[in-house]
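Trainee: I would like to go through this structure term by term and ask what each label rests on.

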Amino acid sequence: MPGLSGPSDYSQEPYRHPCLHINAKEPFNAEPPRSALVSSYVTPVELFFKRNHGPIPLVDDIERYCVDISGLIETPKKLYFRDIRMLPKYNVTATLQCAGNRRTAMSITRKVKGVGWDVSAIGNAVWGGAKLADILELIGVPKLTSCTQSGGKHIEFVSVDKCEEENGGPYKASIPLSQATNPEADVLLAYEMNGEPLNRDHGYPLRVIVPGVIGARSVKWLDSINIIAEECQGFFMQKDYKMFPPSVDWGNINWNTRKPQMDFPVQSVICFLEDMQSIKPGKVRSLCIHGFIKVRISGYAVSGGGRGIERVDVSIDGGKTWMEATRFQKTGIPYIAGGISNDKWAWVLFELTVDIPQSTEIIAKAVDSAANVQPEKVQDIWNLRGILNTSWHRVHVRIGHSNM
């Protein structure tokens with residue numbers, strides 16, 4: 001498209017932070033260390049996970065860059081970048097999570113297909129841009145519309161990004177029109193991340209942000225928007241990112257029996273154990289006289305669809321007994337699930353300071369505001385693509401060692 005192009009090779013990739021753990025080099029997929037996730041409520045851009053399906057697109061002329069909006073509407077329109085920036089700007093704090101987060105742990109139970117991820121295919125950022133509901137209103141689609149006069153019920157986002165799964169075609173995904181036209185859903189065409197212009201890895205110059213939904217629907221490097229009658233028929237909507245039971249394998253799968261995954265389930269992860277008695281934080285060195293050591297346990301919890309986190313339970317004895325952790329988002333503002341002062345699309349961080357024995361298993365599980373709770377065993381939610389591993393998160397600890 002004019003002003004933005006998708007390279008055919010990986011010779012012009014952007015710089016990446018050296019601390020990232022690379023899960024795939026081409027296309028580039030990487031995540032930060034676990035401890036980086038709980039170092040701040042808003043994830044620094046350079047430490048935000050990178051999820052890509054091909055070479056990173058390049059902008060050659062931002063003045064020529066535009067987004068075509070067409071399909072089942074009366075007045076198709078071409079919006080230039082400057083037009084979008086003239087619309088009212090909104091900042092939305094939202095957590096993006098890859099559906100494959102924690103896939104590596106699921107694969108230990110039984111092999112799955114896909115890029116391996118530890119627990120850091122997730123990040124929280126302040127996204128700045130125009131609301132999609134405002135943009136659609138410009139072309140005659142009123143707010144809170146579920147169907148256009150021509151029968152459009154879905155909004156398809158098409159990227160400049162070229163990917164192998166689409167046989168060299170563009171990455172694409174869709175959401176219901178009713179979600180796109182609802183201002184309260186906070187769907188953005190974003191051009192900023194944490195107060196700065198998007199960088200190339202995260203969709204420069206323009207990307208979609210669909211809060212509360214798996215990251216696969218927040219299309220980067222936006223090329224066009226189509227109003228369509230049915231869901232997008234692209235690979236990542238129809239033959240990927242669908243939740244199947246453990247009984248389905250590659251020999252009996254029927255992709256048409258499942259809807260594309262949208263909201264992500266309730267999730268929590270232990271990211272860091274800090275020895276509160278050590279001279280050097282983070283290294284377990286000292287042992288109390290009674291055989292226990294005081295440790296601060298910290299991590300994140302999140303749920304999709306704007307559901308808050310009602311509780312994070314932590315066990316230090318393998319699940320026999322449980323304690324409730326402290327939850328927080330912004331400094332100085334008490335966190336209440338569903339509270340108007342809290343960020344409904346964002347994760348919460350949690351902490352618990354407790355004495356732990358020399359050798360134990362620490363577990364975290366979260367409950368969201370709809371009383372959804374994480375499943376105990378990964379075996380019960382195993383699926384052949386290794387998505388949505390939200391089983392209890394377990395960390396095995398021996399004084400001096402842990403599987404962090």
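Mentor: We take the sheet, then the salt bridges, then the cavities.

Mentor: This is a predicted model, in which local features need pLDDT of at least 70 and side-chain atom pairs count only at pLDDT 80 or more, while totals for chains, interfaces and linings use all residues. Residues are numbered from 1 along each chain as its sequence is written, and side-chain values use heavy atoms, with hydrogens and water left out.

Trainee: What is the order of the strands in the open sheet?

Mentor: The order is β6-β5-β14-β9-β10, five strands with mixed pairing. Strands are DSSP runs of E with at least two residues, helices are runs of H or I with at least four, and both are numbered from the N terminus. Two strands pair if DSSP finds at least two bridges between them.

Trainee: Why do β6 and β10 count as edges?

Mentor: β6 (77–80) and β10 (170–176) each have a single partner strand, so one side of each lacks a neighbour in the sheet. On average, neighbouring strands of this sheet are turned by 20 degrees against each other, direction ignored. The axes behind that angle are lines fitted to C-alpha atoms, for helices over the stretch in contact, and angles run from 0 to 180 degrees between N-to-C directions.

Trainee: How do you know that β5 and β6 are paired?

Mentor: Four bridges join β5 (residues 66–71) to β6, and the two run antiparallel. The rule asks for at least two bridges, so the pair qualifies. Asp68 stands opposite Lys78 in β6, and Ile69 opposite Lys77. The hairpin that joins β5 to β6 passes through five residues.

Trainee: What makes the pairing of this sheet mixed?

Mentor: β5 pairs with β14 (residues 222–228) in the parallel sense, over four bridges, whereas β9 (residues 154–162) and β10 pair in the antiparallel sense over six. Asp68 has Ser224 as its bridge partner in β14. In β9 and β10, Val158 stands opposite Lys172.

Trainee: Why is the contact between Arg307 and Asp263 called a salt bridge?

Mentor: A salt bridge is a side-chain nitrogen of Lys or Arg within 4 Å of a carboxyl oxygen of Asp or Glu. The N to O distance between Arg307 and Asp263 is 3.6 Å, so the pair meets the rule. Arg307 sits in the loop between β16 (292–302) and β17 (309–315), and Asp263 in the loop between α6 (235–238) and β15 (267–275), 44 residues apart. The structure holds 20 salt bridges.

Trainee: Are Arg307 and Asp263 buried, exposed or partly exposed?

Mentor: Buried means under 20% relative accessible area, exposed over 50%, and partly exposed in between, with a 1.4 Å probe and protein chains only. Arg307 has 23% relative accessibility, so Arg307 counts as partly exposed. Asp263, at 30%, is partly exposed too.

Trainee: What does the salt bridge between Asp313 and Lys365 tie together?

Mentor: Asp313 lies in β17 and Lys365 in β21 (residues 359–368), so the pair ties together parts 52 residues apart in sequence. Their closest N and O atoms are 3.0 Å apart. Both Asp313 and Lys365 are buried.

Trainee: Why does Glu361 count as buried, while Arg394 does not?

Mentor: Glu361 has a relative accessible area of 16%, so Glu361 is buried. Arg394 is at 28% and therefore partly exposed. Their side chains meet in a salt bridge at 3.3 Å, N to O.

Trainee: What makes a space a cavity?

Mentor: On a 1 Å grid over the protein atoms alone, a cavity is a set of points where a 1.4 Å probe fits but cannot get out, and lining residues have an atom within 4 Å of a point. By this rule there are three cavities of 30 Å³ or more. The largest holds about 290 Å³ of space. Its lining has 21 residues, and those closest to its centre are Arg51, Arg207, Gly215, Ser218 and Lys220.

Trainee: What volume does the second largest cavity have?

Mentor: Its volume is about 90 Å³, taken as the space filled by probe spheres set on the points, which are joined across faces, edges and corners. Of its 15 lining residues, Gly308, Gln329, Tyr335, Asp343 and Lys344 are the closest to the centre.

Conventions:
1 Å grid on protein atoms, 1.4 Å probe; cavity = no way out; pocket = protein on both sides within 12 Å on 5 of 7 lines; lining within 4 Å.
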